[in-house]
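Please find below my notes on the model you sent. They are meant to be read with the coordinates open.

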Amino acid sequence: MAVTTERPRLNGESARPRGARRLRDEQPIGLPIRRTNPAWERAFQRRLVITDSVILAVVLLGTQSIWLGIEASPAYVSTTMPLSVPYSGVTAGLFVLWMASLKLFGTRSPRVIGSGFAEYSRVAGASFRLFGLVAIAALLLQFSPARGYILTAFPVGVVVLIASRWSWRQWLRRQRRSGKYLIRVLLVGAPSSVDHLYEEFTRRKYLGFEIVGACLPKRTEDGAVDLPVERLGSFEDVGVIARRQAVHAVALAGSEELPPEAVRRIGWRLESTGVDLMVAPAITEVAGTRIHTRPVGGMPLMYVDSPSYEGGKKTAKSVLDFGLAWLAVIVASPLMLATAIGVKLTSPGPVLFRQQRIGLNGKAFDVYKFRSMRMGADAELAALLKEQGTDGKPLFKVDNDPRITRFGTFIRKYSLDELPQFFNVIKGDMSIVGPRPQRAEEVALYDNAAGRRLLVKPGITGLWQVSGRSDLSWEDTVRLDLYYAENWSLFDDFVILLWTVKTVLQSRGAR
């Protein structure tokens with residue numbers, strides 16, 4: 001067995017061992033850590049720095065112009081210490097402090113850029129902390145012009161910064177869908193765990209994970225398991241494979257094949273490479289707000305809160321639903337009237353369509369919609385589902401549905417047929433955001449997992465509607481609805497409502 005004694009490679013050198021017939025960890029433990037950043041990360045971070053600086057300069061100068069005038073430079077005198085500072089100097093100082101705060105709180109960290117909520121919360125948190133200190137300093141120094149910066153620069157700056165990060169995130173997603181700006185990942189674990197982790201990583205291409213291969217237990221024979229990725233070695237080879245494949249992260253798939261001692265040794269092998277180590281727990285589809293960690297005797301224990309279906313959050317949601325539903329009815333009443341007239345004039349039959357659906361805890365209720373199909377359409381459903389081979393799936397959707405009227409196609413395209421459901425919200429049968437209510441025949445086909453959709457009120461819009469509308473499979477629909485049911489929050493409802501507006505404006509109506 002050949003043993004190599006290769007020195008640690010310098011920048012630009014090849015990571016491949018010379019003359020090695022068997023993979024070994026040649027690099028000694030304890031060398032300085034140099035994180036293997038993807039080549040695109042620094043360029044992307046520079047773009048964020050430039051964008052942030054332009055936004056803050058415009059916002060702060062605009063605030064000074066609105067409240068004080070660009071040329072204004074009078075002195076102010078504090079009650080505690082006499083100072084003479086031009087307002088332009090205050091603006092410049094706030095610019096430097098705000099940029100430093102964004103840097104200090106990791107808003108451009110490789111682990112959060114493009115991640116969405118985590119990135120936005122860091123931007124908001126860094127800004128809030130800075131202006132909290134500004135408010136305290138202004139109070140102590142009795143510097144009244146600071147109110148202009150706090151009342152204008154702070155809220156406008158946060159909103160525009162988050163909008164900028166959102167725009168960059170959309171750009172990054174488009175690049176990743178075309179195979180650029182990827183994070184190279186090596187999977188480690190038992191075959192079944194690796195297979196599951198691969199599926200989770202590749203479910204959404206816009207997340208940017210490129211799976212380069214897997215390391216399996218030594219006892220696993222080559223060809224004995226069917227994996228979607230190439231087997232590159234065993235657990236003992238993780239360090240050298242990570243260097244050889246130039247990966248950015250190693251993901252450990254939780255299994256009995258990876259005892260604590262094995263995880264620790266893998267960490268040792270990676271510590272001098274700068275490769276990130278990710279540990280994937282056995283739980284999935286759990287929001288971060290429900291997860292808490294606590295060290296116990298050197299072992300990090302993960303606490304997972306039970307889903308919350310009662311209490312103050314539910315009461316607040318009901319109150320908001322009732323108020324927003326009445327507001328929507330008042331604002332949309334001209335549009336509802338126009339839609340009703342259009343339905344009446346374009347096809348014979350009633351304006352409203354009423355159908356029994358299953359709601360919270362399996363309780364039946366009547367849902368209201370503007371009629372978008374010809375009369376007697378319900379009687380044709382079973383034959384159409386059987387014809388397309390989906391009569392056994394609990395998602396009764398017909399491709400190219402011949403029952404829909406021409407005006408019905410239009411109102412479905414812009415979701416106008418759903419407007420009467422605001423009355424269902426007012427009655428308390430539905431929520432504005434939640435899983436879509438289904439027919440009793442569909443609910444009868446539920447398994448135990450799908451049945452958990454009934455733990456929350458059904459909604460006019462929901463997570464799967466804004467994630468793919470009617471193009472999602474039943475399995476993906478259930479997965480998204482269960483995630484919402486078990487992790488919902490008022491903030492998530494607000495985000496889903498914003499997504500709904502965007503989806504409707506893009507004319508991605510439901511079938």
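The points below go from the whole chain to two helices, a cavity and three loop residues.

1. Overall content. This is a predicted model, and the remarks here should be read with that in mind. The protein chain contains 16 helices and 11 strands. It has 511 residues, of which 44% count as buried. Taking contacts between residues at least 6 apart in sequence, 69% join residues at least 24 apart.

2. Helix H5, length. Does the span of helix H5 agree or disagree with its residue count? The helix runs over residues 191-202, which makes 12 residues. At 1.5 Å a residue the expected span is 16 Å, and the C-alpha atoms at the two ends are 16 Å apart, so the two values agree.

3. Helix H5, buried side. Pro191, Ser193, Val194, Leu197 and Phe201 are the buried residues of H5. They are on the same side of the helix, because the arc they cover around the axis is only 155°. A general point on α-helices applies here: with 3.6 residues a turn, residues three or four places apart point the same way. The cover over the buried residues of H5 includes four strands: S1 (183-188), S2 (209-216), S4 (249-253) and S5 (276-280).

4. Helix H7. In H7, residues 260-270, the buried positions are Ala262, Ile266 and Leu270. Viewed down the helix axis these residues fall within an arc of 75°, so they line one face of H7. Their packing partners are S1, S4, S5 and helix H6 (238-244). Strands S1, S4 and S5 therefore appear in the surroundings of the buried residues of H5 as well as those of H7.

5. Cavities. How many cavities of 30 Å³ or more does the structure hold? There are 2. The second largest cavity has about 50 Å³ of space. Its lining is made up of Ile358, Pro435, Arg436, Pro437, Gln438, Tyr446, Arg453, Leu454, Val456 and Pro458. By class, 7 of the lining residues are nonpolar, 1 is polar and 2 are charged. One of the lining residues, Ile358, belongs to strand S8 (352-358).

6. Ala246. Which sign does phi take at Ala246? The angle is positive, about 55°, although the residue is not a glycine. Ala246 sits in the loop between H6 and S4, two elements that also pack against the buried residues of H7. With a relative accessible area of 44%, Ala246 is partly exposed.

7. Asn361. A positive phi of about 55° is also found at Asn361, again not a glycine. This residue is in the loop that links strand S8 (352-358) to strand S9 (364-370). Asn361 is exposed, because its relative accessible area of 62% is over the 50% cut-off.

8. Pro402. This residue lies in the loop between helix H9 (377-388) and helix H10 (406-413). Its relative accessibility is 44%, so Pro402 counts as partly exposed. Which residues does Pro402 touch, leaving aside neighbours within four places in sequence? The contacts are Arg374 and Leu384. Pro402 and Arg374 are 28 residues apart in sequence, and their C-alpha atoms are 9.3 Å apart in space. Arg374 falls outside the range of H9, 377-388, while Leu384 falls inside that range.

Definitions and conventions: Residues are numbered from 1 along each chain as its sequence is written. This is a predicted model: local features need pLDDT of at least 70, side-chain atom pairs count only at pLDDT 80 or more; totals for chains, interfaces and linings use all residues. Side-chain values use heavy atoms; hydrogens and water are left out. On a 1 Å grid over the protein atoms alone, a cavity is a set of points where a 1.4 Å probe fits but cannot get out, and a pocket is an open set with protein on both sides within 12 Å along at least five of seven lines; lining residues have an atom within 4 Å of a point. Grid points are joined across faces, edges and corners, and a volume is the space filled by probe spheres set on the points. Ala, Val, Leu, Ile, Met, Phe, Trp, Tyr, Cys and Pro count as nonpolar, Asp, Glu, Lys and Arg as charged, and the others, Gly among them, as polar. The expected span of a helix is 1.5 Å times one less than its number of residues. Buried means under 20% relative accessible area, exposed over 50%, partly exposed in between (1.4 Å probe, protein chains only). The arc is that of the directions from the helix axis to the C-beta atoms. Contact means heavy atoms within 4.5 Å.
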